[in-house]
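Subject: Structure for your review

Dear colleague,

I am handing over the structure we discussed, with some notes on strands and helices further down. Please have it open beside this message as you read.

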There are 2 protein chains.
Amino acid sequence: MAPKVFYISDGTAITAEVFGHAVLSQFPVEFETFTIPFVETIQKAEKVKQQINDCFITTGERPILFHSIVKPEIRDIIYSSEGLDYDFLNTFVSPLEKQLGIEAQPVMNRTHGKSNLGYDSRIEAINYTMENDDGQTMKHMDKADIILLGVSRCGKTPSSLYLSMQFGIKAANYPFTEDDMDNLKLPEALKRNKSKLFGLTIDPNRLHEIRQGRMENSRYSSLRQCRIEVKEVEMLYKKERIPFVNTTFHSVEEISAKILDVTGLKRHMF
Amino acid sequence: MAPKVFYISDGTAITAEVFGHAVLSQFPVEFETFTIPFVETIQKAEKVKQQINDCFITTGERPILFHSIVKPEIRDIIYSSEGLDYDFLNTFVSPLEKQLGIEAQPVMNRTHGKSNLGYDSRIEAINYTMENDDGQTMKHMDKADIILLGVSRCGKTPSSLYLSMQFGIKAANYPFTEDDMDNLKLPEALKRNKSKLFGLTIDPNRLHEIRQGRMENSRYSSLRQCRIEVKEVEMLYKKERIPFVNTTFHSVEEISAKILDVTGLKRHMF
């Protein structure tokens with residue numbers, strides 16, 4: 001039976017999930033997870049405690065708890081349950097207090113709150129990325145922090161969105177299409193923003209597979225066409241000395257982190 | 001002087017950032033942060049160690065380290081630096097090994113890797129959300145997991161994108177425009193998906209401010225118009241018993257977590 005895991009928080013529980021997921025992914029087993037956000041009252045905490053205890057009674061195993069609850073009176077209720085507590089937040093707060101010589105001032109919802117510095121600029125980055133997706137317009141390329149290039153379905157849109165959402169980066173993207181292939185070159189608006197260009201490429205077989213899912217048995221999705229496009233685009237990257245990354249085996253997190261690492265763009269946290 | 005913080009990883013360093021950010025946000029001070037991803041070789045680890053030690057020499061304070069490095073020989077190099085180690089990952093791995101009776105099998109890049117179950121369905125959710133943003137088409141509403149409603153600029157697009165990116169939810173969104181206001185009602189495609197509808201609302205003064213930034217001194221951005229639209233839309237939500245949330249003081253994380261909490265939609269982790 002899959003071990004049971006509770007992610008509990010008085011806020012969104014996103015931090016508890018991200019952290020717990022990182023720890024649990026070190027283990028070669030599947031877990032069954034339950035996320036309980038917004039545990040802000042004694043009543044709700046008591047209900048969660050009951051749920052944990054019921055789970056223990058049913059399974060005979062103590063469930064694993066990852067929580068990030070700021071209010072002590074609520075945290076204590078969770079502590080008093082039959083779950084096994086991996087209190088990732090508080091474990092590190094008191095050594096940090098010592099090191100910094102500063103007392104922590106826990107505030108609910110601060111981690112993912114809107115009061116974060118630069119929240120508006122993050123929304124601006126998301127809007128920018130939406131409006132400059134897929135080469136819809138070249139008018140605002142000068143305002144981009146980064147411009148992703150690549151053939152259709154190589155991962156430009158999800159990567160651009162992740163860059164804006166997670167890191168507050170204004171990411172435009174520009175597609176090279178079938179019609180460009182005879183004489184592949186950079187449009188003027190990209191040429192004058194050369195230092196912002198970053199290429200994506202992909203294995204032609206994987207590209208073929210993805211495009212088949214969109215438009216089966218078309219010229220667009222044919223392996224031949226995929227091979228031509230990828231080859232031409234990679235040649236352009238090399239000729240123009242545009243850094244590029246192969247997305248075939250990488251997640252949007254990895255692609256985005258790689259782009260920031262190579263370009264030196266500053267990551268913002270929200 | 002702001003305490004110095006290093007986020008170090010052999011992967012994307014996103015987990016280290018999210019975790020460190022959660023811990024540090026409990027303190028009422030500003031930190032200066034440096035993120036160093038992809039520390040995969042001894043050489044790179046040695047360079048990072050030098051950077052940490054230089055920072056200590058320059059500032060006279062031991063920098064704070066949050067790292068999630070899987071390979072012991074690389075981790076040991078970081079351990080041997082002058083930084084103070086908050087090894088959030090390994091601190092919890094060995095108690096978990098005991099509880100589970102299973103040995104951890106650390107694998108690099110597993111946390112944010114592409115091998116995660118359901119990665120493709122996440123990309124599908126992102127594509128769905130892009131293609132069904134802002135009521136562009138009503139054709140695919142039946143395929144949505146959730147449909148966000150609201151007036152222009154109340155937060156529909158960033159919230160939809162966050163739901164798809166973070167949680168793998170197919171989130172469509174539909175705007176109510178000025179022209180709808182005389183006789184506000186739900187289009188047919190929304191009526192037949194009533195159980196998926198979720199409303200957003202916003203303080204009219206804040207809406208006015210946001211719209212002024214887009215189209216200054218227009219009818220669209222006037223406080224009068226903002227007030228009318230918000231009032232009409234809230235009345236519709238109440239009449240149709242559509243759950244809704246006020247976005248004025250909430251981040252996309254909070255809005256999204258609230259929507260999932262109220263609707264009971266399952267959160268996926270990537």
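**The sheet in chain A**

Helix α10 (residues 252–263) of chain A lies across β5, β7 and β8 of chain A, and it runs at about 145° to β7(A). Please bear in mind throughout that this is a predicted model. The strands beneath this description belong to an open sheet of 4 strands in chain A, ordered β6-β5-β7-β8, in which the pairing is parallel. Its edge strands are β6 (171–176) and β8 (244–246) of chain A, each of which pairs on one side only, and neighbouring strands of the sheet are turned by 25° against each other on average, direction ignored. Within the sheet, strand β5 (residues 146–151) of chain A runs parallel to strand β7 (residues 197–201) of chain A and is joined to it by 3 bridges; in one of these pairings, Ile147(A) has Leu197(A) in β7(A) as its bridge partner.

**A buried strand in chain B**

Turning to chain B, strand β3 (residues 64–68) has 5 of its 5 residues buried, so β3(B) is largely enclosed by the rest of the structure. Ile64(B), Phe66(B) and Ser68(B) point one way from β3(B), whereas Leu65(B) and His67(B) point the other way, and all are buried. Strand β1 (residues 4–9) of chain B pairs with β3(B) in the parallel sense over 5 bridges, and the bridge partner of Ser9(B) in β3(B) is Ser68(B). The pairing of β3(B) with strand β4 (residues 84–86) of chain B is also in the parallel sense, over 3 bridges, with Leu65(B) standing opposite Asp85(B) in β4(B).

**Two helices in chain B**

How do helices α2(B) and α3(B) cross, and within what distance do their axes come? The axes of helix α2 (residues 42–59) of chain B and helix α3 (residues 72–79) of chain B come within 9 Å and cross at roughly 15°. Because angles under 35 degrees count as roughly parallel, that makes α2(B) roughly parallel to α3(B). The crossing of α2(B) and α3(B) is right-handed. On the α2(B) side, Ile42(B), Ala45(B), Glu46(B), Val48(B), Lys49(B) and Ile52(B) meet Glu73(B), Ile74(B), Ile77(B) and Ile78(B) in α3(B); by class, this contact has 7 nonpolar, no polar and 3 charged residues.

With best regards

Conventions: Residues numbered from 1 in each chain as written. Chains lettered and ligands numbered in written order. Predicted model: local features only at pLDDT ≥ 70, side-chain atom pairs only at ≥ 80, totals over all residues. Heavy atoms only, no water. Pairing = 2+ DSSP bridges. Axes fitted to C-alpha atoms, helices over the stretch in contact; angles between N-to-C directions. Contact = heavy atoms within 4.5 Å. Parallel < 35°, antiparallel > 145°, perpendicular 65-115°, else oblique. Left-handed = near helix turned anticlockwise from the far one by under 90°. Nonpolar A, V, L, I, M, F, W, Y, C, P; charged D, E, K, R; others polar. Buried < 20%, exposed > 50% of the residue type's maximum accessible area, 1.4 Å probe, protein only.
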